[in-house]
Amino acid sequence: MELGAFSVSLAVKDIQASKAFYEKLGFKVFMGDISQNWLILKNKEHTIGLFQGMFERNTLTFNPGWDSNAQQVDSFIDVRELQKQLRPKA
């Protein structure tokens, strides 16, 4: 089942300090705009998002229709559709 690119979105207090920390672990900026307080970083196939002031807590993120390099994929299941199907069964 192809759900799309997966990442962990981190609610950070200081995006500059967080960027520096994750760069020491080998992550590199992949996308984003630090002046808007968000960055996407990658370390090989591992992806994290740093978001300052946008979320109250950390979250798991699926990007439907993208592979791990933000390239369009032909076939995928939108996780939001799965959520609609699974909620009534919970």
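**View 1. Order of elements along the chain.** From the N terminus on, the elements run β-α-β-β-β-β-α. That makes two helices and five strands. The model is a predicted one. Its C-alpha atoms fill a box of roughly 40 × 30 × 20 Å along the principal axes. The protein has 90 residues, and 27% of them count as buried. About 6,600 Å² is exposed, with 52% of that area supplied by carbon and sulfur atoms. Among contacts with a separation of 6 or more, 52% join residues 24 or more positions apart.

**View 2. The five-stranded sheet.** The strands form an open sheet in the order β2-β3-β4-β1-β5. Their pairing is mixed. Strands β2 (28-33) and β5 (59-63) stand at the edges. Each has a single partner strand, so one side of each is left without a neighbour in the sheet. On average, neighbouring strands are turned by 25° against each other, direction ignored. Strands of a sheet pair through backbone hydrogen bonds, either parallel or antiparallel.

**View 3. The β2-β3 pair.** Edge strand β2 pairs with strand β3, residues 38-43. The sense is antiparallel, and the pair spans five bridges. Within this pair, G32 stands opposite L39 of β3.

**View 4. Helix α1 on the sheet.** Helix α1 covers residues 15-24 and packs on the sheet. The helix touches β1 (5-12), β2, β3 and β4 (46-52). The direction of α1 makes about 165° with that of β4.

**View 5. K42, a buried lysine.** K42 lies in strand β3. The residue is buried, yet it has no salt bridge. E45 provides the nearest side chain of opposite charge, 4.8 Å away. A salt bridge needs a side-chain nitrogen within 4 Å of a carboxyl oxygen. Leaving aside residues up to four places away in sequence, K42 touches G26, F27, K28, F30, T47, S68 and N69. Two of these names, K28 and F30, fall in the range given for edge strand β2, 28-33. T47 falls in the range given for β4, 46-52.

**View 6. The K19-E23 salt bridge in helix α1.** The structure holds two salt bridges. One of them joins the side chains of K19 and E23, at 3.0 Å from N to O. The two residues are four apart in helix α1, so about one helical turn separates them. K19 has 22% relative accessibility and counts as partly exposed. E23, at 35%, also counts as partly exposed. The helix that carries this pair is the one that packs on the sheet.

**View 7. The E81-K84 salt bridge in helix α2.** Helix α2 spans residues 79-86. Here the side chains of E81 and K84 meet in a salt bridge, 3.4 Å from N to O. Being three residues apart in the helix, E81 and K84 are separated by about one helical turn. E81 counts as partly exposed because its relative accessibility is 40%. K84 reaches 57% relative accessibility and therefore counts as exposed. The cut-off for exposed is over 50%.

Notes:
Residues are numbered from 1 along each chain as its sequence is written. This is a predicted model: local features need pLDDT of at least 70, side-chain atom pairs count only at pLDDT 80 or more; totals for chains, interfaces and linings use all residues. Side-chain values use heavy atoms; hydrogens and water are left out. Two strands pair if DSSP finds at least two bridges between them. Axes are lines fitted to C-alpha atoms, for helices over the stretch in contact, and angles run from 0 to 180 degrees between N-to-C directions. Contact means heavy atoms within 4.5 Å. Buried means under 20% relative accessible area, exposed over 50%, partly exposed in between (1.4 Å probe, protein chains only). Lys and Arg count as positive and Asp and Glu as negative; His and the chain ends are not counted. Accessible areas come from the Shrake-Rupley method with a 1.4 Å probe; for residues, only the protein chains shown count as cover.
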